[in-house]
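Biologist: I would like to learn how to read a sheet that crosses from one chain to another. Could we work through an example together, beginning at the place where the chains meet?

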Amino acid sequence: MTGAMTISSAMQDYLEVILELSEKVESVRVTDIASRLNIAKASVTQAVSGLKGMGLVAQERYGLVQLTRTGREEAIKVRNRHRTLRKFLVEILGVDYRIAEKDACLMEHVVSPQTMEKLIQFLEKADRTENAGIFPRAISVKNPELYNGEEVKRMKSVNTRALSELKTGEGGTVMRITAKNPVRRRILEMGVTLGTDISVKGKAPLGDPIELLVKGYHLSLRKEEAAHVFVEVQQ
Amino acid sequence: MEAAQVIKKEAQVVVALAGNPNSGKTTVFNSLTGARQHVGNWPGVTVEKKEGQLFSEGKAVRVVDLPGTYSLSAYSEDEAVARNYILLEKPDVVINIVDATNLERNLYLTTQLLEMGANVVIALNMSDELKARQMEIDMKKLSELLDVPVVRTVATRNQGMKELVNSVLQAAKTKKKEFLRVNYGKEMEKELTSLEKDILSNTKLAEKFSSRWLAVKILEGDESVLNELIKYAGPKQIFAGREDAVKRLESMWGEDIDSLVADRRYGFISGLAKEVIKRRKSAADRASTSDRIDSIVTNRYLGIPVFLLAMWAIFQFTFKIGDPLIGLVESLFEWFGGAVMAWLESLGAAELLISLVGDGIIGGVGSVLVFIPPIFLLFFAISLLEDSGYMARAAYIVDRFMHSLGLHGKSFIPLLVGFGCNTPAIMATRTLENKNDRLITILINPLMSCAARLPVYVLFAGAFFGARQGMVIFSLYLLGIVLAIIMGVVFKRLLFKGETSHFVMELPPYRIPTLKSTFIHMWERGSAFIRKAGTIIFAVVILVWVLSSLPAGVEYASQGSLLGRIGGFVAPIFSPAGFGTWEAAAALIFGVLAKEVVVGTLGVVYGIGEAGLSEAIALHWTPLSAYAFMVMTLIYVPCMAVIGAIKRETNSWGWTAFSVGYTFVLGWLMAVLVFQVGKLLGLG
């Protein structure tokens, strides 16, 4: 999955933290990373310059750290592994979530792609049986293989972009919404939830707002709002 | 009479209508209640309350139309109103109008209604459009899975209404005990169960709310619910547990609790939809008629020309057809007033009484009714735009431009209409969902120079600026627009600081509007204006009449009248603006009746009528003071009809007073600025 480039576990942790911070604050500083990981600023500076060398982050003067496109993709991959593992530990094995959090942190760096794939399949099945009580038939989707396949595909392709950057006709799956309330809640209520397929139908004549197709209806968002919705673009 | 007695005798069934905007809710309401409607406001808010009645099987059913909402999270006034009504008034049945062609998003509201414990009947509306979309909905299964009755309706053609009423009456007889439980997943369910236990142990809470709903809301951190709960004893320990639970869940999923809840709800719905929707062909495979229309209407090159054409058409329709009708109403009342006055005179009535009846009362009613033609026409046009689906596109097309001014795409039409008349324009702000956007649009609307101000400009510009009068008049229109933009930004910064406006808007499919709902909409607006704004207008007319006619025996509106004395008294404050005379002050006071009255008043106070007015003005004024006076006329205090409309639309005397106050201060400041700067430049 990572191909030619191998990134050490420590570096992966850095990427994950930078991603997380960048979704919360406008600009990430070395100080933020240091205080988040509870380590010395000097070590962070060193690590960041290492990441820079690998083309994973870009650092301007004054210490602002930014993920490059590749860096962002790597970080999302790590985070997805982290979440899947944590979910498995907590929900299936019943591990205390604090311990699960720590373990997932360690496991995410070493687990093989194949194990991840199987794990995702397993969790999908578990989700289905868990909900089976309410809608037995709704959940037994006609073709479960397809469903799993989609999920795996989603994990593999990590071409995540903001909705506002997509061209007309492009679309993908919603991965993250970073908007703040009340806009956030309104976006969610209108059906733009995680895992939903969404595509860009067009743009207003002046270029903003944009028209989207979601859950079979047409929704418009200003670009500034769409910039807070990240989708994984289907190739 | 008989009907009224029935209502009193029978225990009434109360039914609330809930549904998404564009789900055809209003059409269902009109279909159910016909003309038996009453429009008012929900107490304390600017949200409109519509009620109606229907009779079936000898039973009177009261139908309350709740505002159209996508959710009940109470982030907006609309949602708060709808939610509080269902929670606190507990209607016997809630009819949930669901757009069959947009099932998933519509069911989001349904799940919330069901969680709240509402006794829901689903009206699966627009079912006729399913066929064209190659879709089918298994109604029986939908009904089974949600455990509520589902009725197929096509409200625009009155189909399914009888079945709906029957189903509602049936449902009213049964009280549901089991409510729908959306499965929020193992981890969240654990927290919900423990919250529910806490709630159920508190009898006061358990009596009032559905414990499941409350548990979800507490977990979700719904602010209005948490605030409401503080009133009850004992929820402290409930809250304490909540914070830990939320932290745990959020860190576990790496998402905040809002997303998790919405996510699970939609997950439940998508499972449900998979179960009940049968698609013969994917809807995306073929371009629908709606898409084809959009390919022209929102086209990159054609979109703006089409938009401008539509706006031009609305303006022309409202005022080109409206003006002759206004003239008709005016002359009708003039004739009627004259006839009544002559009749009273022949009876030998006192002069004061004759004037009161003629100038005061009949004149007052006339000045209310004069606004009816443009209001009816404008709302006819707006209703067509809304029901057809173009309104959303218009907002979509112009939002980029309006947003750069700090406004919303939907502010455009009210501001445009303001150039004709600010009264219907302010009423048209109803289309704005966000309260702040609406308020800002209302507040700056009077700065759009309405048609009634034109006669004042024509008089003064004609008297002083000769060949350049066109440019002078244009400069006033421009000044109004510039000030509106500045004030819009100022209000946004100062009054609504930190409150965000957003543009998360549905673009509904194009539909052919029905004449019935268009006419009902038009009638509602027109009659609401007469009832609400009418009283203010009438009161102001009478007040001005009293001021002009007293003390007894004085000549109408002369210097000796109360008005003249007040004019003389306040005149000095206009000295820095160059028109500190009692005549100018009196004209401005009269101008509150309607801005064009300024011209007539000047005719009266200079004692020459309107014919020789231009010469008289040239004698008493200078070009600079005339320009300052025009600026004042443009900006100062909206006319009483506008004040009435502002009161009605903001539902607040505070905002009404603010709007009067700020326009006066701004008008005075600008007039003084013009005069003083002009003097410095040696133009005086």
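Biologist: In this predicted model, which residue of chain B stands opposite A:Ser220?

Modeller: In general, strands of a sheet pair through backbone hydrogen bonds, either parallel or antiparallel. Here A:Ser220 stands opposite B:Met505 in β10(B), and β8(A) and β10(B), which run antiparallel, are joined by 2 bridges.

Biologist: In what order do the strands of the open sheet follow one another?

Modeller: The open sheet has 7 strands in the order β4(A)-β9(A)-β5(A)-β6(A)-β7(A)-β8(A)-β10(B), with antiparallel pairing. Its edge strands, each of which pairs on one side only, are β4 (160–162) of chain A and β10 (505–506) of chain B.

Biologist: How should I read the register between β7(A) and its partners, and is β7(A) enclosed or open?

Modeller: Take the partners one at a time. Strand β6 (residues 197–203) of chain A pairs with β7(A) in the antiparallel sense over 5 bridges, and A:Ile198 stands opposite A:Val214 in β7(A). Strand β7 (residues 210–214) of chain A also pairs in the antiparallel sense with strand β8 (residues 217–221) of chain A, over 5 bridges; there A:Val214 stands opposite A:Tyr217, while A:Leu213 stands opposite A:His218. As for enclosure, 4 of the 5 residues of β7(A) are buried, so this strand is largely enclosed by the rest of the structure.

Biologist: Which residues take a positive phi in the hairpins of β7(A)?

Modeller: In the hairpin of β6(A) and β7(A), with 6 residues between the strands, A:Gly207 has a positive phi near 95°. In the hairpin of β7(A) and β8(A), with 2 residues between the strands, A:Lys215 has a positive phi near 45°.

Biologist: Turning to the whole contact between the chains, which element gives the most residues to the side of chain A that touches chain B?

Modeller: The contact takes 43 residues from chain A and 44 residues from chain B. On the side of chain A that touches chain B, the elements giving two or more residues are α4 (69–92), α5 (97–107), α6 (113–131), α7 (136–139), α9 (183–189) and β8 of chain A. Of these, α9(A) gives the most, with 7 residues. By class, that side of chain A has 20 nonpolar, 8 polar and 15 charged residues.

Biologist: How is chain A divided, and how much of it is buried?

Modeller: Chain A is divided into domain 1 (9–73), domain 2 (76–156) and domain 3 (160–233), and the centres of domain 1 and domain 3 of chain A, taken over C-alpha atoms, are separated by 27 Å. Of its 235 residues, 34% count as buried, and its secondary structure comes to 10 helices and 9 strands.

Biologist: How can I judge the overall form of chain B?

Modeller: One approach is to set its radius of gyration against a rule for globules. Chain B has 32 helices and 10 strands; its radius of gyration is 29 Å, close to the 26 Å that the globule rule gives for 684 residues, so chain B is as compact as a globular protein of that length. Of those 684 residues, 46% count as buried.

Biologist: What does the span of helix α24 of chain B agree with?

Modeller: At 1.5 Å a residue, the 26 residues of α24 (residues 469–494) of chain B should span 38 Å, and the end C-alpha atoms are 37 Å apart, which agrees. Buried residues in α24(B) include B:Ile473, B:Leu476 and B:Gly480, and among the elements that cover the buried residues of α24(B) are α22 (435–444) and α32 (653–680) of chain B.

Note on methods. Residues numbered from 1 in each chain as written. Chains lettered and ligands numbered in written order. Predicted model: local features only at pLDDT ≥ 70, side-chain atom pairs only at ≥ 80, totals over all residues. Buried ≥ 20, exposed ≤ 12 C-beta atoms within 10 Å, placed from the backbone. Pairing = 2+ DSSP bridges. Contact = placed C-beta atoms within 7 Å. Nonpolar A, V, L, I, M, F, W, Y, C, P; charged D, E, K, R; others polar. Expected span 1.5 Å × (residues − 1). Rg over C-alpha atoms; globule rule 2.2 N^0.38 Å. Domains from an automatic or database assignment.
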